[in-house]
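Here's a quick briefing for anyone meeting this structure for the first time. Have a look at the sequence and the model, then read on for a short tour.

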Amino acid sequence: TWDYRISKRKMGTHRGHLYLFLVIALLPLATEAVDKSNFKTCEQSSFCKRNRNLSRDKGRENTFYVVEEKTKRIDQKNTFIAYLRHSQRPAPTLQLTLSIYEFGIIRCWIEEIAPFRKKFTVSKYAPVIMNGTLKKLPIQIQDAKNMVIISPVASSNELRLNGLRGGARNQSERNSYLVEIDLSKFVLRYKVNGKIMAVANDAQLFNYEEYRTISEQESFSASKLQYDATSYEDNIGSLWYDAFKGFNSSIPYGPSSVGLDFKFPESIQLYGLPEHASHFLLEPTVKSGDPYRLFHLDVYDYDPNSRMALYGTVPYVLSKDAESLTEIIWVNSAETWVDVHEEGNKTV
């Protein structure tokens with residue numbers, strides 16, 4: 001599940017903060033180098049490695065998810081529901097739900113329709129809390145060519161974006177917002193006043209691995225199908241155990257990783273993923289080492305300017321463009337790796 005939110009701020013410079021950083025940077029450092037061999041890299045993490053290999057495969061044109069048009073509906077709780085089917089499978093296996101809250105918050109949730117074994121989930125019914133419980137808005141759907149458009153009903157379709165000036169709130173601005181979902185190839189776009197702020201699955205990297213038996217995986221591997229990232233795993237056994245530095249952990253129900261790409265078309269800068277001793281501005285990772293790792297560790301020493309995991313994880317990113325901020329929080333408590341790409345001079 002993930003949430004979108006957009007807000008507008010007056011962007012200013014912070015010379016005092018920059019000065020403080022420079023002074024601290026000039027102080028001598030008395031630290032010992034961390035032993036990096038004690039911490040897992042993406043190459044040593046089976047699910048990170050295979051999802052990265054999936055993202056690097058440029059020949060995946062015939063493997064994608066489609067939205068089953070006949071299944072889309074709005075339920076009694078003002079939630080949009082539709083089934084997702086992989087292009088290489090005969091029937092849908094996943095259910096997408098989407099809700100819209102005040103302040104332009106969009107909550108999306110994807111889960112299995114009939115799981116082999118139900119996975120742990122954070123409650124999808126608990127809305128994001130910000131200054132009290134958020135109001136869930138009534139929604140409507142509109143059909144377009146190979147697309148469905150979801151928006152609040154007319155009386156609710158005002159996005160209040162509170163700006164800050166001198167510590168005081170400006171008068172709220174009125175903005176319209178909606179979600180577009182492509183049916184033929186599952187893509188989700190979040191738009192405000194006609195401008196695309198964020199896109200999910202634009203690169204078709206959505207990967208959802210279902211629990212399975214070893215015999216089912218052997219049949220899947222023999223079929224040469226590619227409906228999840230396990231087709232990029234050379235060692236089938238590593239899907240059922242995790243080995244690192246002589247320690248073996250069993251994975252009794254098999255692979256269960258989830259992957260999804262997000263794009264910010266208007267982004268100038270990208271921030272977030274706290275609890276890393278790295279730059280405030282997120283850096284591109286694809287050509288420069290490991291992704292950002294989100295995993296709780298009791299670390300007593302670490303490298304500065306490093307993406308290695310520390311004490312806590314906050315799966316939250318904030319994209320800044322010339323006029324506004326768009327935020328995404330990935331509501332998943334499991335170990336996560338995050339790659340950051342850059343197109344031209346834009347961090348996406």
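**A helix under cover**

Among the elements covering the buried residues of helix H2 are strand E13 (207-208), strand E16 (258-259) and strand E22 (336-338). Keep in mind that you're looking at a predicted model. From that helix we'll move on to the disulfide, the rings, one loop residue and the salt bridges.

**Helix H2 and the disulfide**

- Helix H2 takes in residues 46-56, and its buried residues are Ser46, Cys48, Arg50, Asn51, Arg52 and Leu54.
- As for disulfides, the structure has 1.
- That disulfide joins Cys42 to Cys48, with 2.0 Å between the two sulfur atoms.
- The disulfide of Cys42 and Cys48 is left-handed, because the torsion about its S-S bond is about -95 degrees.
- Cys42 is tucked away, buried at a relative accessible area of 3%.
- Its partner Cys48 is buried too, at 6% relative accessibility.
- Another cysteine to look up is Cys108, which is buried with a relative accessibility of 0%.

**Rings that pair up**

- You'll find 6 aromatic pairs in the structure.
- Take Phe262 and Trp330: their ring planes stand at 85 degrees, with the centres 6.1 Å apart, so this pair counts as edge-to-face.
- Phe262 belongs to strand E17 (residues 262-263) and Trp330 to strand E21 (residues 325-330), so their pairing ties together parts that lie 68 residues apart in sequence.
- Trp330 itself is buried, its relative accessible area being 15%.
- Tyr271 and Phe280 make a tilted pair, because their planes are at 40 degrees and their ring centres 4.8 Å apart.
- The two partners sit on opposite sides of the burial cut-offs: Tyr271 is buried at 17% relative accessibility, while Phe280 is exposed at 67%.
- Ring pairs also join Tyr65, Phe186 and Phe206 into a cluster.

**Charges over rings**

- Lys119 places its charged end over the ring of Tyr211, 5.5 Å from the ring centre.
- Arg212 lies over the face of Phe220, and here the distance to the ring centre is 5.9 Å.

**A buried loop residue**

- Met308 is found in the loop that runs between strand E19 (292-294) and strand E20 (316-320).
- Is Met308 buried or exposed? With 14% relative accessibility, Met308 counts as buried.
- Which residues does Met308 touch, leaving out those up to four places away in sequence? They are Val34, Phe39, His276, Val299, Tyr302 and Asp303.
- Glu275 is 33 residues from Met308 in sequence, and the C-alpha atoms of the two are 9.3 Å apart in space.

**Salt bridges**

- Side chains of opposite charge can pair when their charged atoms come close.
- How many salt bridges does a search of the whole structure find? The search turns up 19.
- One of them links Arg85 and Glu68, whose closest N and O atoms are 3.2 Å apart.
- This pair brings together distant parts of the chain, with Arg85 in strand E3 (residues 80-86) and Glu68 in strand E2 (residues 65-74), 17 residues apart.
- Glu68 is partly exposed, at 23% relative accessibility.
- Lys72 and Glu69 form a salt bridge as well, and their closest N and O atoms are 3.8 Å apart.
- Within that pair, Lys72 is buried at 15% relative accessibility, whereas Glu69 is partly exposed at 46%.
- Arg189 and Glu180 also meet through their side chains, in a salt bridge of 3.0 Å from N to O.
- Here Arg189 is buried at 14% relative accessibility, and Glu180 is buried at 11%.
- Arg189 and Glu180 are part of a salt-bridge network that also takes in Asp182 and Lys191.

**Where to look again**

- For a second pass, begin at Cys48, which is one of the buried residues of helix H2 and also a partner in the disulfide with Cys42.
- Then find Glu180, which is buried and linked into a network of salt bridges with Asp182, Arg189 and Lys191.
- Finish at Met308, a loop residue that is buried and has Phe39 and Tyr302 among its contacts.

Methods:
Residues numbered from 1 in each chain as written. Predicted model: local features only at pLDDT ≥ 70, side-chain atom pairs only at ≥ 80, totals over all residues. Heavy atoms only, no water. Disulfide = S-S within 2.5 Å. Buried < 20%, exposed > 50% of the residue type's maximum accessible area, 1.4 Å probe, protein only. Phe/Tyr/Trp six-rings, centres within 6.5 Å; stacked < 30°, edge-to-face > 60°. Helix = DSSP H or I, 4+ residues; strand = E, 2+ residues; numbered from the N terminus. Lys NZ or Arg CZ within 6 Å of the ring centre and 35° of its normal. Contact = heavy atoms within 4.5 Å. Salt bridge = Lys/Arg side-chain N within 4 Å of Asp/Glu carboxyl O.
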